[in-house]
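Here's a quick briefing to read with the model open beside you. We'll start with the overall picture, then zoom in on one helix and one sheet.

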Amino acid sequence: MTDTTVLAPARGVLDQDWRKIVNYGLLLALAEVFIALANMPVGLDDFILIEPILSLGYVSLLWLPLLLGYSIGTEKVLEGVTSHAKGAREVVAGACVGLIGGGGVSGLVLLLDNFDLRDPLVNWSPQLLALLAFDNGVGYGVGVWLAIGGGLGLLGGSMHLIAPLARRVVSTMVLAVVGVAVLETILSDIAEDLFLEWLADWIYFIRGGVSLHGAATVAVVAGAYAVWGSKAVKGAKASYQALEGVERKQANKVSIAVVVAATILLPLVLGKITNELLANVGLFLLLALGLNIVIGLAGILDLGYVAFFAVGGYTTAILTSPNRGDSWPTWIPQVWWVVALMLVIVLAGLTGLFIGAPVIRMRGDYLAIVTLGFGEIIRLLFLSDWLGGFTGGAQGVTNVPGVQVFGLANVRGTDPRAVFYLVAFFCAIAIYVSWRLEKSRIGRAWMAVREDESVAEAMGINTVNVKLLAFVVGAVLASFSGAIFAAKVGSVFPTSFIILVSIVILIVVIVGGMGNIAGVVAGSVVLIGVLGGPKQPGLLQEFSEFKLLIYGALLVWMMLKRPEGLIPNVRRTRELHQDEFLQDAWLKGQIDEGDETGDGGEVAPA
Amino acid sequence: MSDSPRSGATPLLEMRGVNTHYGAVHILKDVELSIYPGELVCLLGGNASGKSTTLKTLLGMVTPTSGDVVLDGEVVNGQPTSYLVERGVTMVPENRRLFKRLSVKENLELGAYLRTDKDGIQRDLERIYGLFPRVYERLAQKSGTLSGGEQQMVAMGRALMSNPRVLLMDEPSMGLAPALVQTNFQLIQQIHEEGVAIFMVEQNANMALSIADRGWVLQTGRVVLDDTADALLANPELRASYLGEA
């Protein structure tokens, strides 16, 4: 825990936990083979990171040995348990892990050469073999991967030997170069808009990828930041956290003002692609904020959340488009988007009540399954022949006009900047509403229901009504997103509202940090902005094929290592890492041993 | 059946010939009991004798199939729990069951969920800080991180925040170390002395009877003994079956 811990001398080279090494090695080998057969190396080979030497395809195989080679040597430092200094032992362990992992790839090369398993494994291709063998013979490939694996593992392990500062500098440099290379499209777009084209030309090679001198520049800047910049940032953060009372409030006001100003000003200088991305992020942020109320605050696991998105989208489309289903009587007028929105709110609320009323009495898993079903039912209803005359069936509703804002602007898909402003406006409303609700009496009732429904009932909370209200508020927020979506895209189809949408929003909320507004914002930006939504391309269009794979991997990793989310709720972090807090407290003698510990034990306030 | 020691007054809360079922299973059978203002009474019984169901029925969380739950002379069958809580009936649940991820303060405030009198709430908060100084020290702390004894204090404080006239306590000694059970019963007495009637459901018969005025013994859903605490303590049957003396 503290830097003053005295370390025992480094252990001998052969004093290894061999079982752990084999486990890590096999894990690495398995992951590498999986990545290769998931077609990442071949699919991403055209994406040049550093011209002319490195493509993203190779990086997809190279980063893991490095990471695992490093992490085999890391050990949790616990008070009261001897920790050893790092030495040659960690380097050897890293190299062994890398070697086993490299062996996995080598084995794959041999198998690729000798067997044809293309039938079950579609990516079992000669291209993969050629790529893995570096266009040389099979023997060359086998040897090279052993060397690469061992070498990278060794490199990863040896990161333990250098000073923490140097380690930070190196990792920042590597991440910065990869990041700048991966984000090339967006960064050069932004650079162009900010009249920094000369900088982009310096860093990037003309046909994609970072040039060697560009990489060197980025590395130097990143290294300098790691040495001096990050300390300043940390200092600023600490001094912010030290603020209290009025000063803290003022600091908050200033930071909110900065964020608002950035939200208003940035899109003006950004290009179309970036604004399109931001608009998509906003649409999903709106959905995620709604789901955060339902799941994060009230603890209702709603897996059919897309239903309300669909209701908002379809209602808006039908009310505003001339091209709606044929069965509508002619006297129903096409109305202005804002008028339609009023009806959307009412209908979404009613749908929330309608779905919620039977579902809300259930708990836990049962509720999740039933909501999952309702999500699909709504989509299938829109698709059905029965309602086809009203909803256009598979043809959907097209020609949805944009949003006329008092003759000032016509917000539609061709003008992503305007869409973004519209979405941002509604996100602001949603954030304000969430924030106020969380602090209110009803918010507290939601949290009580989430924590313990029976006791909440015994406190006199009408749990059914309170949960229904959460459902309805979530439904209305989702329908806003649907209404904007319809106007933005100009058409709605049943396929826009598949179950994947529900799942992606759920992942956004979980990865961001459940029950935390800032976390939900971060989750939307990272997942939707960078990787892309279910149908919306993200920043990394090249990854769209692997989007779901990455979502899944990210979700598993988050659950294991950081269950509190990217930007955690302080309270939740404490709960999820309680065992660690408790051990530390116990070792420091802060636990009152005469006291019978209840379910948590006593932790003296830090 | 013995006469109630206060047989002139109206009982605060009563059960009159109550039967309850969970599906086809008959849980409570013709249960009669009454709690008078300011009394400390206890309901004893072994596992699965229907103690918790009695509490839930009194609080409106389970509706009797026949018979009446009566509050201040008014039949309240089928009324929602909030109706009873508003009128001064509150439960301290078994195992304390705090809202663990919420702070101590938030837990206390949730106890006053149905109240709108801000001044009264503030006054009661201060009263609880006076009663449990340790709770005051830990207001901002997440209640799940408290020790068992402190959790019990918060649970009682939370119940008191609804300004109850009768406190229904479900196994207050359960899951507590022996030393804490003693303190806990002292706390109960202290609350009782402030004029709150207490209806306590317990397995720890000895301890419960030592502070109670009257008691009932429940066996497979039926009240088999109804007497003053002293008489119950002296009752050879009870001694044999609950107090562990042959």
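A residue counts as buried here if 20 or more other C-beta atoms lie within 10 Å of its own. By that yardstick, buried residues make up 42% of the 606 residues in chain A. Keep in mind that this is a predicted model.

**Chain A overall**
- Chain A contains 25 helices and four strands.
- Its C-alpha atoms fit in a box of roughly 85 × 70 × 50 Å along the principal axes.
- The radius of gyration of chain A is 27 Å, which agrees with the value near 25 Å that a compact globule of 606 residues would have.
- Take the contacts in chain A between residues at least 6 apart in sequence: 76% of them join residues at least 24 apart.

**Domains of chain A**
- Chain A splits into domain 1 (18-239), domain 2 (273-497) and domain 3 (574-606).
- From the C-alpha centre of domain 1 of chain A to that of domain 2 of chain A is 41 Å.

**Helix H15 of chain A**
- H15 covers residues 364-383 of chain A, 20 residues in total.
- From first C-alpha to last, H15(A) reaches 29 Å, close to the 28 Å expected at 1.5 Å a residue.
- Which residues of H15(A) are buried? They are Thr371(A), Phe374(A), Gly375(A), Ile378(A), Arg379(A) and Phe382(A).
- These buried residues sit on the same side of H15(A), because they cover an arc of only 130° around the axis.
- As a reminder, an α-helix has 3.6 residues a turn, so residues three or four places apart point the same way.
- Over on the other side of H15(A), you'll find Asp365(A), Tyr366(A) and Leu380(A) exposed.
- What covers the buried residues of H15(A)? The cover includes four helices of chain A: H13 (306-320), H14 (337-359), H16 (385-391) and H21 (499-512).

**The sheet in chain B**
- Chain B has an open sheet of four strands, ordered E2-E1-E4-E5, with antiparallel pairing.
- At its edges are strand E2 (25-35) and strand E5 (74-75) of chain B, each pairing on one side only.
- Strands of a sheet generally pair through backbone hydrogen bonds, either parallel or antiparallel.
- Strand E4 of chain B, residues 66-71, pairs with E5(B) in the antiparallel sense over two bridges.
- To see where these strands meet, look for Val70(B), which stands opposite Val75(B) in E5(B).

Definitions and conventions. Residues are numbered from 1 along each chain as its sequence is written. Chains are lettered from A and ligands numbered from 1 in the order in which they are written. This is a predicted model: local features need pLDDT of at least 70, side-chain atom pairs count only at pLDDT 80 or more; totals for chains, interfaces and linings use all residues. The expected span of a helix is 1.5 Å times one less than its number of residues. A residue is buried if 20 or more other C-beta atoms lie within 10 Å of its own, exposed if 12 or fewer, and partly exposed in between; C-beta atoms are placed from the backbone. The arc is that of the directions from the helix axis to the C-beta atoms. Two residues are in contact if their C-beta atoms, placed from the backbone, lie within 7 Å. Domain bounds come from an automatic or database domain assignment. The radius of gyration is taken over C-alpha atoms; the globule rule is 2.2 Å times the number of residues to the power 0.38. Two strands pair if DSSP finds at least two bridges between them.
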